[in-house]
Amino acid sequence: MVVGVLALQGSFNEHIAVLKRLGVKGVEVRKPEQLLNVSSLIIPGGESTTMAKLAELHNLFPALREFVQMGKPVWGTCAGLIFLANRATGQKTGGQKLIGGLDCTVHRNFFGSQIQSFETELPIPQVVAEEGGPPSFRAVFIRAPAILDVGPDVEVLADIPLSAIETINSNPAIPKEEDSTESGKKVIVAVKQGNLLATAFHPELTADTRWHSYFLKMVPEIEEGTSDIVSTSTSNQSFGARSIIDFPIYQ
């Protein structure tokens with residue numbers, strides 16, 4: 001199995017490093033023809049407008065859309081989530097091209113600017129059911145998007161109560177608790193729909209490999225055969241004694 005990682009800009013090296021830790025070959029993808037040689041694709045976090053311009057320059061959009069439509073597993077993290085969404089708001093003037101396929105509306109900079117980036121413990125029950133480990137995941141949000149609504153075929157894997165982040169973030173896009181008609185309102189940050197997986201945060205920036213393992217098991221040849229892929233949380237790392245600092249990823 002070879003996993004492609006879109007390597008136009010952003011954290012593609014970090015994803016490839018995690019794949020290597022799991023014993024899986026990750027290759028950089030920059031040209032349409034390189035998609036023919038991979039079984040699945042990760043679209044990393046980065047600057048989504050820049051990535052879209054580079055993808056257009058290299059004529060990647062038709063091939064990326066075809067890859068999604070063929071049913072091959074694709075995972076978008078942060079900017080990659082924006083790419084996969086059918087609808088996006090909060091874009092720069094003129095907007096940007098999207099790959100689409102994921103029936104949701106995403107807000108491009110829901111959590112604010114770079115200085116409003118944050119980390120939080122995120123409950124991930126569906127992933128834990130598959131991968132084991134502790135009930136939460138240390139999620140890193142860097143100028144992150146969020147999902148505002150999803151279609152009926154989209155499974156929500158993780159969300160965050162607005163009350164938990166309004167003290168961190170002053171972005172006016174985030175409604176304050178007193179302005180909300182729903183007590184305990186949440187915003188969606190991870191979803192799955194068929195062959196598509198999307199997260200608003202950056203799993204590749206932590207030592208916890210469960211999201212990568214979860215994605216790899218979406219690849220048909222893994223599901224049909226015996227897999228040696230074991231996420232870090234269920235093997236040699238003690239999360240009960242986990243260090244507060246989860247870096248570096250190249251450990």
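The following exchange goes through a predicted model and asks how several of its descriptions were reached.

Reader: Why is the contact between Arg108 and Glu47 called a salt bridge?

Author: The side chains of Arg108 and Glu47 come to 2.7 Å, N to O, and because a salt bridge asks for a side-chain nitrogen of Lys or Arg within 4 Å of a carboxyl oxygen of Asp or Glu, the pair qualifies as one. The pair links distant parts of the chain, with Arg108 in the loop between β6 (102-107) and β7 (118-123) and Glu47 in the loop between β3 (40-43) and α2 (48-57), 61 residues apart. A search of the whole structure finds 11 salt bridges, and Glu47 and Arg108 are also linked with Arg143 in a network of them.

Reader: Are Arg108 and Glu47 buried or exposed, and how do you know that?

Author: Arg108 has a relative accessibility of 5% and Glu47 one of 13%; since buried means under 20%, Arg108 counts as buried, and so does Glu47.

Reader: What makes Arg87 and Asp103 a salt bridge, and which accessibility class do the two residues fall into?

Author: The closest N and O atoms of Arg87 and Asp103 are 3.2 Å apart, and the cut-off is 4 Å, so the pair is counted as a salt bridge. Arg87 belongs to strand β5 (residues 85-89) and Asp103 to strand β6, 16 residues apart, so that this pair too links distant parts of the chain. Arg87 has a relative accessible area of 33% and Asp103 one of 23%; because partly exposed is the class between 20% and 50%, that is the class given to Arg87 and to Asp103.

Reader: How do you know that Arg138 and Glu119 form a salt bridge, and where do they lie?

Author: For Arg138 and Glu119 the closest N and O atoms are 3.2 Å apart, which is to be set against the limit of 4 Å, and the pair is therefore a salt bridge. Arg138 is in strand β8 (residues 136-141) and Glu119 in strand β7, with their positions 19 residues apart in the count along the chain. Arg138, at 30%, is partly exposed, and Glu119, at 36%, is partly exposed as well.

Reader: Why are the buried residues of α2 said to line one face of the helix?

Author: The buried residues of α2 are Ser48, Thr49, Met51, Ala52 and Ala55, and, seen down the axis of α2, they fall within an arc of 160 degrees, so they line one face. In general, an α-helix has 3.6 residues a turn, so residues three or four places apart point the same way. The buried residues of α2 pack against β3, α3 (61-69) and α4 (79-84), while on the other side of the helix Lys53 and Leu57 are exposed.

Reader: What is found at the start of α2 and just after it?

Author: At the start of α2, a side-chain oxygen of Glu47 reaches to within 3.0 Å of the backbone nitrogen of Thr49. Just after α2, Asn59 takes a positive phi of about 55 degrees.

Reader: Which residues are called "active site", and how do you know that they cluster in space?

Author: The name comes from UniProt, where an unreviewed entry places the feature "active site" at Cys78, His202 and Glu204. These residues are spread over 127 residues of sequence, yet the largest C-alpha distance is 10.9 Å, and on that basis they are said to cluster. Cys78 and His202 from this set also belong to the lining of the largest pocket.

Reader: Why is Cys78 called buried, and what is it in contact with?

Author: Cys78, in the loop between β4 (74-77) and α4, has a relative accessibility of 4%, and since the limit for buried is under 20%, the word applies. Leaving aside neighbours within four places in sequence, its contacts include Gly45, Arg143, Phe201 and His202.

Reader: What makes Glu204 buried, and which side chain does it join in a polar contact?

Author: Glu204 lies in the loop between β12 (196-199) and α7 (210-216), and its relative accessibility of 0% is under 20%, so it counts as buried. A polar contact of 2.6 Å joins the side chains of Glu204 and Ser11, and that value satisfies the limit of 3.5 Å for such contacts.

Note on methods. Residues numbered from 1 in each chain as written. Predicted model: local features only at pLDDT ≥ 70, side-chain atom pairs only at ≥ 80, totals over all residues. Heavy atoms only, no water. Helix = DSSP H or I, 4+ residues; strand = E, 2+ residues; numbered from the N terminus. Buried < 20%, exposed > 50% of the residue type's maximum accessible area, 1.4 Å probe, protein only. Arc of directions from axis to C-beta. Contact = heavy atoms within 4.5 Å. Polar contact = N/O pair within 3.5 Å; in protein donor to acceptor, adjacent residues only side chain to side chain. UniProt positions renumbered as here; feature names shortened; annotations may be inferred. 1 Å grid on protein atoms, 1.4 Å probe; cavity = no way out; pocket = protein on both sides within 12 Å on 5 of 7 lines; lining within 4 Å.
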